[in-house]
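Student: Please take me through one part of this model in detail. I would like a single residue and its surroundings, then the ligand site.

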Amino acid sequence: MSTSLFDLSGKTALVTGSSRGLGRAIADGFAKAGARLVINGTDQARTQAAAAEFRAAGHQAEASAFDVTDEAAVMVAFERLDAAGIAVDILVNNAGIQHRKPLVEFTSAEWGKVIATNLTSAFIIGREAAKRMIPRGRGKIINIGSLASELARPTVGPYTAAKGGIRNLTRAMAVEWAQHGIQANAIGPGYMLTDMNQALVQNPDFNNWLMSRIPSKRWGKPDELVGAAIFLASDASTYVNGQTIYVDGGMLAAM
Ligand code: NDP
(Lines give C-alpha, C1' and ligand atoms only; values in the text may rest on other atoms or scores of the structure.)
Protein backbone atom coordinates (compact mmCIF):
# COMPACT_ATOMS: atom_id res chain seq x y z
CA MET A 1 0.00 0.00 0.00
CA SER A 2 1.21 3.49 -0.78
CA THR A 3 2.10 5.65 2.21
CA SER A 4 0.74 8.65 0.26
CA LEU A 5 -2.70 7.75 1.63
CA PHE A 6 -1.38 9.05 4.95
CA ASP A 7 0.36 12.13 3.56
CA LEU A 8 -0.87 15.43 5.04
CA SER A 9 1.20 17.76 2.82
CA GLY A 10 -0.71 20.91 1.90
CA LYS A 11 -3.21 20.41 4.76
CA THR A 12 -3.63 22.75 7.72
CA ALA A 13 -4.49 21.27 11.11
CA LEU A 14 -5.89 23.20 14.07
CA VAL A 15 -5.32 21.13 17.20
CA THR A 16 -6.88 22.64 20.32
CA GLY A 17 -4.83 22.21 23.48
CA SER A 18 -1.67 21.47 21.49
CA SER A 19 0.72 23.56 23.57
CA ARG A 20 1.48 20.37 25.56
CA GLY A 21 0.24 16.83 26.29
CA LEU A 22 -1.64 14.63 23.83
CA GLY A 23 -2.54 17.57 21.56
CA ARG A 24 1.11 18.44 21.15
CA ALA A 25 2.01 14.82 20.34
CA ILE A 26 -0.76 14.68 17.71
CA ALA A 27 0.38 18.03 16.25
CA ASP A 28 3.94 16.71 16.06
CA GLY A 29 2.76 13.62 14.19
CA PHE A 30 0.74 15.75 11.76
CA ALA A 31 3.73 18.05 11.13
CA LYS A 32 5.95 15.06 10.37
CA ALA A 33 3.27 13.86 7.92
CA GLY A 34 3.53 17.25 6.16
CA ALA A 35 0.75 19.35 7.70
CA ARG A 36 0.89 23.02 8.57
CA LEU A 37 -0.10 23.53 12.22
CA VAL A 38 -2.24 25.98 14.14
CA ILE A 39 -1.20 25.52 17.78
CA ASN A 40 -3.63 26.41 20.58
CA GLY A 41 -3.79 26.67 24.37
CA THR A 42 -4.97 29.28 26.83
CA ASP A 43 -1.48 30.30 27.89
CA GLN A 44 -0.21 32.78 25.28
CA ALA A 45 3.49 32.31 26.04
CA ARG A 46 3.33 28.50 26.10
CA THR A 47 1.32 28.42 22.86
CA GLN A 48 3.77 30.73 21.10
CA ALA A 49 6.75 28.80 22.43
CA ALA A 50 5.30 25.52 21.13
CA ALA A 51 4.66 27.02 17.68
CA ALA A 52 8.21 28.44 17.63
CA GLU A 53 9.62 25.00 18.51
CA PHE A 54 7.72 23.44 15.61
CA ARG A 55 9.06 26.12 13.26
CA ALA A 56 12.60 25.57 14.56
CA ALA A 57 12.16 21.89 13.69
CA GLY A 58 11.41 22.92 10.09
CA HIS A 59 7.61 22.77 10.17
CA GLN A 60 5.01 25.44 9.35
CA ALA A 61 3.22 26.47 12.54
CA GLU A 62 1.20 29.45 13.77
CA ALA A 63 0.15 30.14 17.35
CA SER A 64 -3.52 30.86 18.05
CA ALA A 65 -4.00 31.16 21.81
CA PHE A 66 -7.62 31.24 22.91
CA ASP A 67 -9.84 29.70 25.55
CA VAL A 68 -12.01 27.06 23.87
CA THR A 69 -14.85 27.89 26.29
CA ASP A 70 -14.91 31.55 25.20
CA GLU A 71 -17.20 31.61 22.17
CA ALA A 72 -16.31 35.20 21.26
CA ALA A 73 -12.61 34.34 21.33
CA VAL A 74 -13.24 31.28 19.12
CA MET A 75 -15.04 33.48 16.56
CA VAL A 76 -12.16 35.98 16.56
CA ALA A 77 -9.61 33.18 16.11
CA PHE A 78 -11.47 31.83 13.04
CA GLU A 79 -11.87 35.36 11.62
CA ARG A 80 -8.12 35.88 12.00
CA LEU A 81 -7.41 32.61 10.20
CA ASP A 82 -9.85 33.63 7.44
CA ALA A 83 -8.15 37.02 7.10
CA ALA A 84 -4.74 35.33 6.86
CA GLY A 85 -6.07 32.98 4.17
CA ILE A 86 -5.57 29.92 6.37
CA ALA A 87 -8.25 27.27 5.84
CA VAL A 88 -8.54 24.58 8.51
CA ASP A 89 -8.59 21.22 6.69
CA ILE A 90 -8.22 19.16 9.87
CA LEU A 91 -9.67 20.08 13.26
CA VAL A 92 -8.76 18.14 16.39
CA ASN A 93 -10.98 19.02 19.36
CA ASN A 94 -8.50 17.96 22.01
CA ALA A 95 -8.44 20.65 24.73
CA GLY A 96 -9.81 19.25 27.94
CA ILE A 97 -9.65 19.36 31.70
CA GLN A 98 -10.23 16.95 34.54
CA HIS A 99 -11.78 17.68 37.94
CA ARG A 100 -11.94 14.85 40.49
CA LYS A 101 -14.31 14.71 43.44
CA PRO A 102 -17.42 12.75 44.48
CA LEU A 103 -20.46 13.58 42.36
CA VAL A 104 -22.51 14.74 45.37
CA GLU A 105 -19.86 17.39 46.09
CA PHE A 106 -19.75 18.96 42.61
CA THR A 107 -21.19 22.46 42.33
CA SER A 108 -23.10 23.41 39.20
CA ALA A 109 -20.32 25.83 38.28
CA GLU A 110 -17.68 23.08 38.51
CA TRP A 111 -19.89 20.73 36.49
CA GLY A 112 -20.46 23.46 33.90
CA LYS A 113 -16.77 24.20 33.49
CA VAL A 114 -15.91 20.57 32.71
CA ILE A 115 -18.82 20.26 30.27
CA ALA A 116 -17.96 23.59 28.60
CA THR A 117 -14.29 22.70 28.19
CA ASN A 118 -14.62 19.04 27.20
CA LEU A 119 -17.90 18.97 25.25
CA THR A 120 -19.46 22.34 24.35
CA SER A 121 -16.15 23.61 22.95
CA ALA A 122 -16.10 20.72 20.47
CA PHE A 123 -19.55 21.76 19.25
CA ILE A 124 -18.66 25.47 18.92
CA ILE A 125 -15.26 24.98 17.28
CA GLY A 126 -16.59 22.09 15.20
CA ARG A 127 -19.45 24.30 13.99
CA GLU A 128 -17.10 27.13 12.99
CA ALA A 129 -14.76 24.70 11.22
CA ALA A 130 -17.63 22.92 9.45
CA LYS A 131 -19.16 26.19 8.20
CA ARG A 132 -15.91 26.73 6.32
CA MET A 133 -15.37 23.08 5.29
CA ILE A 134 -18.86 22.61 3.82
CA PRO A 135 -18.37 25.04 0.88
CA ARG A 136 -15.00 23.39 0.15
CA GLY A 137 -16.64 19.95 0.13
CA ARG A 138 -14.07 18.34 2.40
CA GLY A 139 -12.71 18.34 5.92
CA LYS A 140 -11.65 16.18 8.83
CA ILE A 141 -12.85 16.55 12.39
CA ILE A 142 -11.36 14.44 15.16
CA ASN A 143 -12.84 14.75 18.64
CA ILE A 144 -10.85 13.44 21.57
CA GLY A 145 -12.97 11.20 23.76
CA SER A 146 -11.78 8.85 26.47
CA LEU A 147 -12.44 5.46 28.00
CA ALA A 148 -15.01 7.57 29.87
CA SER A 149 -16.89 7.84 26.56
CA GLU A 150 -17.91 4.23 27.35
CA LEU A 151 -17.43 3.57 31.05
CA ALA A 152 -17.57 5.36 34.38
CA ARG A 153 -15.25 5.50 37.36
CA PRO A 154 -15.99 7.18 40.69
CA THR A 155 -15.01 10.86 41.14
CA VAL A 156 -15.05 11.92 37.48
CA GLY A 157 -18.80 12.38 36.90
CA PRO A 158 -18.86 15.54 34.75
CA TYR A 159 -15.87 14.31 32.72
CA THR A 160 -17.70 11.02 32.08
CA ALA A 161 -20.84 12.87 30.98
CA ALA A 162 -18.81 15.15 28.71
CA LYS A 163 -16.80 12.33 27.11
CA GLY A 164 -19.93 10.22 26.58
CA GLY A 165 -21.31 13.32 24.89
CA ILE A 166 -18.23 13.54 22.66
CA ARG A 167 -18.96 10.07 21.31
CA ASN A 168 -22.49 11.02 20.30
CA LEU A 169 -21.60 14.57 19.18
CA THR A 170 -19.17 12.85 16.79
CA ARG A 171 -22.07 10.82 15.39
CA ALA A 172 -24.24 13.95 15.16
CA MET A 173 -21.52 15.72 13.16
CA ALA A 174 -21.08 12.69 10.90
CA VAL A 175 -24.75 12.28 10.03
CA GLU A 176 -25.15 15.95 9.09
CA TRP A 177 -21.80 16.67 7.49
CA ALA A 178 -20.76 13.41 5.75
CA GLN A 179 -22.77 14.49 2.69
CA HIS A 180 -20.43 17.49 2.42
CA GLY A 181 -17.28 15.36 2.26
CA ILE A 182 -16.48 15.82 5.95
CA GLN A 183 -15.38 12.90 8.10
CA ALA A 184 -16.02 13.36 11.83
CA ASN A 185 -14.56 10.68 14.06
CA ALA A 186 -13.23 10.40 17.59
CA ILE A 187 -10.24 8.89 19.32
CA GLY A 188 -10.66 7.48 22.81
CA PRO A 189 -7.25 7.41 24.48
CA GLY A 190 -6.68 5.05 27.39
CA TYR A 191 -4.48 6.01 30.33
CA MET A 192 -1.70 8.12 28.82
CA LEU A 193 1.29 9.72 30.52
CA THR A 194 0.53 13.47 30.53
CA ASP A 195 0.26 16.29 33.10
CA MET A 196 -3.47 15.59 33.42
CA ASN A 197 -2.73 12.20 35.00
CA GLN A 198 0.19 13.27 37.20
CA ALA A 199 -1.80 12.66 40.42
CA LEU A 200 -2.75 9.15 39.26
CA VAL A 201 0.78 8.27 38.13
CA GLN A 202 2.05 9.17 41.61
CA ASN A 203 -0.66 7.16 43.40
CA PRO A 204 0.57 3.57 44.06
CA ASP A 205 -2.97 2.26 44.71
CA PHE A 206 -4.17 3.61 41.38
CA ASN A 207 -1.13 2.24 39.57
CA ASN A 208 -1.65 -1.23 41.08
CA TRP A 209 -5.30 -1.17 40.02
CA LEU A 210 -4.39 -0.01 36.52
CA MET A 211 -1.66 -2.61 36.01
CA SER A 212 -4.03 -5.37 37.17
CA ARG A 213 -6.70 -4.12 34.76
CA ILE A 214 -4.91 -3.15 31.58
CA PRO A 215 -3.88 -5.97 29.19
CA SER A 216 -0.76 -4.13 27.96
CA LYS A 217 0.41 -3.71 31.61
CA ARG A 218 1.66 -0.18 31.05
CA TRP A 219 0.59 3.44 30.61
CA GLY A 220 0.29 4.73 27.04
CA LYS A 221 2.75 7.20 25.59
CA PRO A 222 1.28 10.34 23.94
CA ASP A 223 2.89 9.58 20.58
CA GLU A 224 1.04 6.26 20.48
CA LEU A 225 -2.05 8.26 19.45
CA VAL A 226 -0.37 9.57 16.32
CA GLY A 227 -1.14 6.59 14.06
CA ALA A 228 -4.88 6.75 14.71
CA ALA A 229 -4.86 10.54 14.38
CA ILE A 230 -3.06 10.50 11.01
CA PHE A 231 -5.39 7.75 9.78
CA LEU A 232 -8.45 9.86 10.66
CA ALA A 233 -6.89 13.08 9.30
CA SER A 234 -5.82 11.62 5.97
CA ASP A 235 -7.19 10.17 2.75
CA ALA A 236 -6.82 6.74 4.38
CA SER A 237 -10.20 7.29 6.10
CA THR A 238 -12.44 8.96 3.51
CA TYR A 239 -15.30 6.45 4.13
CA VAL A 240 -14.90 6.23 7.92
CA ASN A 241 -17.45 8.40 9.69
CA GLY A 242 -18.95 8.76 13.15
CA GLN A 243 -16.61 6.21 14.72
CA THR A 244 -14.65 6.29 17.96
CA ILE A 245 -11.32 4.46 17.81
CA TYR A 246 -9.99 3.47 21.22
CA VAL A 247 -6.23 3.55 21.68
CA ASP A 248 -6.14 2.01 25.12
CA GLY A 249 -3.74 -0.92 25.41
CA GLY A 250 -6.71 -3.28 25.27
CA MET A 251 -8.41 -1.84 28.37
CA LEU A 252 -11.95 -1.80 26.94
CA ALA A 253 -11.57 -5.37 25.69
CA ALA A 254 -10.94 -6.75 29.18
CA MET A 255 -13.39 -7.73 31.96
P1 NDP B 1 -3.03 18.18 29.47
O2 NDP B 1 -3.58 18.72 30.73
O3 NDP B 1 -1.68 17.53 29.49
O4 NDP B 1 -3.02 19.31 28.32
C5 NDP B 1 -4.19 20.02 28.10
C6 NDP B 1 -4.03 20.94 26.91
O7 NDP B 1 -5.29 21.59 26.70
C8 NDP B 1 -3.00 22.02 27.15
O9 NDP B 1 -2.41 22.37 25.91
C10 NDP B 1 -3.85 23.17 27.67
O11 NDP B 1 -3.22 24.40 27.41
C12 NDP B 1 -5.12 22.99 26.84
N13 NDP B 1 -6.32 23.56 27.43
C14 NDP B 1 -6.91 23.26 28.61
N15 NDP B 1 -8.02 24.00 28.78
C16 NDP B 1 -8.13 24.77 27.66
C17 NDP B 1 -9.03 25.77 27.25
N18 NDP B 1 -10.10 26.12 27.99
N19 NDP B 1 -8.83 26.36 26.05
C20 NDP B 1 -7.77 26.04 25.27
N21 NDP B 1 -6.87 25.12 25.62
C22 NDP B 1 -7.04 24.50 26.81
O23 NDP B 1 -4.13 17.14 28.95
P24 NDP B 1 -3.96 15.83 28.07
O25 NDP B 1 -3.00 16.08 26.98
O26 NDP B 1 -3.74 14.68 28.99
O27 NDP B 1 -5.44 15.68 27.50
C28 NDP B 1 -5.79 16.14 26.20
C29 NDP B 1 -7.16 15.57 25.86
O30 NDP B 1 -7.11 14.15 25.90
C31 NDP B 1 -8.28 15.99 26.81
O32 NDP B 1 -9.48 16.17 26.10
C33 NDP B 1 -8.39 14.78 27.72
O34 NDP B 1 -9.66 14.69 28.31
C35 NDP B 1 -8.14 13.68 26.74
N36 NDP B 1 -7.73 12.43 27.35
C37 NDP B 1 -6.56 12.33 28.05
C38 NDP B 1 -6.18 11.12 28.57
C39 NDP B 1 -4.90 10.92 29.30
O40 NDP B 1 -4.67 9.80 29.78
N41 NDP B 1 -4.03 11.92 29.42
C42 NDP B 1 -7.01 9.91 28.43
C43 NDP B 1 -8.23 10.14 27.68
C44 NDP B 1 -8.54 11.35 27.16
P45 NDP B 1 -3.13 25.58 28.54
O46 NDP B 1 -2.74 24.94 29.82
O47 NDP B 1 -2.16 26.54 28.03
O48 NDP B 1 -4.52 26.14 28.55
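Tutor: Start with the contacts of Val15. Beyond its neighbours within four places in sequence, Val15 touches Gly23, Ala27, Phe30, Val38, Ile39, Asn40, Val92 and Asn94. The model is predicted. Val15 sits in strand E1, residues 12-15. Its relative accessible area is 0%. Val15 therefore counts as buried, because that value is under the 20% cut-off. Arg127 makes a useful distance check. It lies 112 residues from Val15 in sequence, and the two C-alpha atoms are 15 Å apart.

Now follow one of those contacts to the ligand. Asn94 is in contact with Val15, and Asn94 is also among the closest residues to the ligand. Thr42, Tyr159, Thr194 and Asn197 share that listing. In total, 32 residues surround the ligand.

Next, the backbone. An N or O atom of the Asn94 backbone is 2.7 Å from a ligand oxygen. For Gly17, a backbone N or O atom lies 3.2 Å from an oxygen atom of the ligand. For Gly190, the corresponding distance to a ligand oxygen is 3.3 Å. On its own, the ligand has 880 Å² of accessible area, and the protein covers 94% of it. Two elements give two or more residues to the shell: helix H1 (21-32) and helix H5 (157-177).

Last, the make-up of that shell. By class, it holds 15 polar, 11 nonpolar and six charged residues.

Definitions and conventions
Residues numbered from 1 in each chain as written. Predicted model: local features only at pLDDT ≥ 70, side-chain atom pairs only at ≥ 80, totals over all residues. Heavy atoms only, no water. Near = heavy atom within 4 Å. Polar contact = N/O pair within 3.5 Å; in protein donor to acceptor, adjacent residues only side chain to side chain. Areas by Shrake-Rupley, 256 points an atom, 1.4 Å probe, with all protein chains shown as cover. Helix = DSSP H or I, 4+ residues; strand = E, 2+ residues; numbered from the N terminus. Nonpolar A, V, L, I, M, F, W, Y, C, P; charged D, E, K, R; others polar. Buried < 20%, exposed > 50% of the residue type's maximum accessible area, 1.4 Å probe, protein only. Contact = heavy atoms within 4.5 Å.
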